[in-house]
Amino acid sequence: MMNILKVASKEFFGMFIDDGALALLALLLVAIVGVLVKFAHVDALLGAALLFFGCLLILAESVARAARQRFQGK
């Protein structure tokens, strides 16, 4: 029964988020930049730039990881 629940939860999660690491890193980036802007008095424009370049880095890492997995599988 627990195995069925585990598989069902993974499938449900997979419907919305295909790459868990990508989602987790994006949420972490948003939280960190939000805290910096709110409490460390980082300028909003700098916060936006940090979000932009952080997202680019996270996406590049995700693409590189997917490429490694794909080519190692062959």
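**Figure 1. Ser62, a buried position of helix α3 in the predicted model****.** Ser62 has a relative accessibility of 10% and therefore counts as buried, the limit for this class being under 20%. The residue is placed in helix α3. Leaving aside residues up to four places away in sequence, Ser62 makes contact with Asp19 and Leu22. Ala40 precedes Ser62 in the numbering and is 22 residues apart from it along the chain, with 29 Å between the two C-alpha atoms.

**Figure 2. Helix α3 and its buried residues****.** Helix α3 comprises 30 residues, from 44 to 73. From the first C-alpha to the last, α3 reaches 43 Å, which is close to the 44 Å expected at 1.5 Å a residue. The buried residues of this helix are Gly47, Gly54, Ile58, Ser62 and Arg65. Helix α2, residues 20-39, is included in what covers them.

**Figure 3. The salt bridge between Asp19 and Arg65****.** In this pair, the closest N and O atoms are 3.1 Å apart. Asp19 is located in the loop between α1 (residues 2-16) and α2, whereas Arg65 belongs to helix α3, so the salt bridge ties together parts that are 46 residues apart in sequence. Both partners are buried. For Arg65, the relative accessible area is 19%, which means that this residue falls within the buried class because the cut-off is under 20%. Asp19 is also one of the residues touched by Ser62.

**Figure 4. The salt bridge between Glu61 and Arg65 within helix α3****.** The side chains of Glu61 and Arg65 meet with an N to O distance of 3.1 Å. The two residues are four residues apart in helix α3, and therefore about one helical turn separates them. Glu61 counts as partly exposed because its relative accessibility is 32%, whereas Arg65 is buried at 19%. The count of salt bridges in the model comes to two. Asp19, Glu61 and Arg65 are linked by salt bridges in a network.

**Figure 5. The segments annotated as "transmembrane region"****.** An unreviewed UniProt entry lists residues 21-39 and 45-64 under this feature name. In the model, residues 21-39 are 100% helix and 0% strand, and the C-alpha atoms at the ends of this span are 26 Å apart. Residues 45-64 are likewise 100% helix and 0% strand. The end C-alpha atoms of residues 45-64 lie 29 Å apart.

**Figure 6. The protein chain as context for the close-up views****.** The protein chain contains three helices and zero strands. Its elements run α-α-α from the N terminus on. The radius of gyration is 17 Å, well over the 11 Å given by the globule rule for 74 residues, so the chain is more spread out than a compact globule. Taken along the principal axes, the box filled by the C-alpha atoms is roughly 50 × 35 × 15 Å. Of the 74 residues, 12% are buried. The accessible surface of the protein chain is about 6,200 Å², with 75% of it belonging to carbon and sulfur atoms.

Technical notes
Residues numbered from 1 in each chain as written. Predicted model: local features only at pLDDT ≥ 70, side-chain atom pairs only at ≥ 80, totals over all residues. Heavy atoms only, no water. Expected span 1.5 Å × (residues − 1). Buried < 20%, exposed > 50% of the residue type's maximum accessible area, 1.4 Å probe, protein only. Contact = heavy atoms within 4.5 Å. UniProt positions renumbered as here; feature names shortened; annotations may be inferred. Salt bridge = Lys/Arg side-chain N within 4 Å of Asp/Glu carboxyl O. Rg over C-alpha atoms; globule rule 2.2 N^0.38 Å. Areas by Shrake-Rupley, 256 points an atom, 1.4 Å probe, with all protein chains shown as cover.
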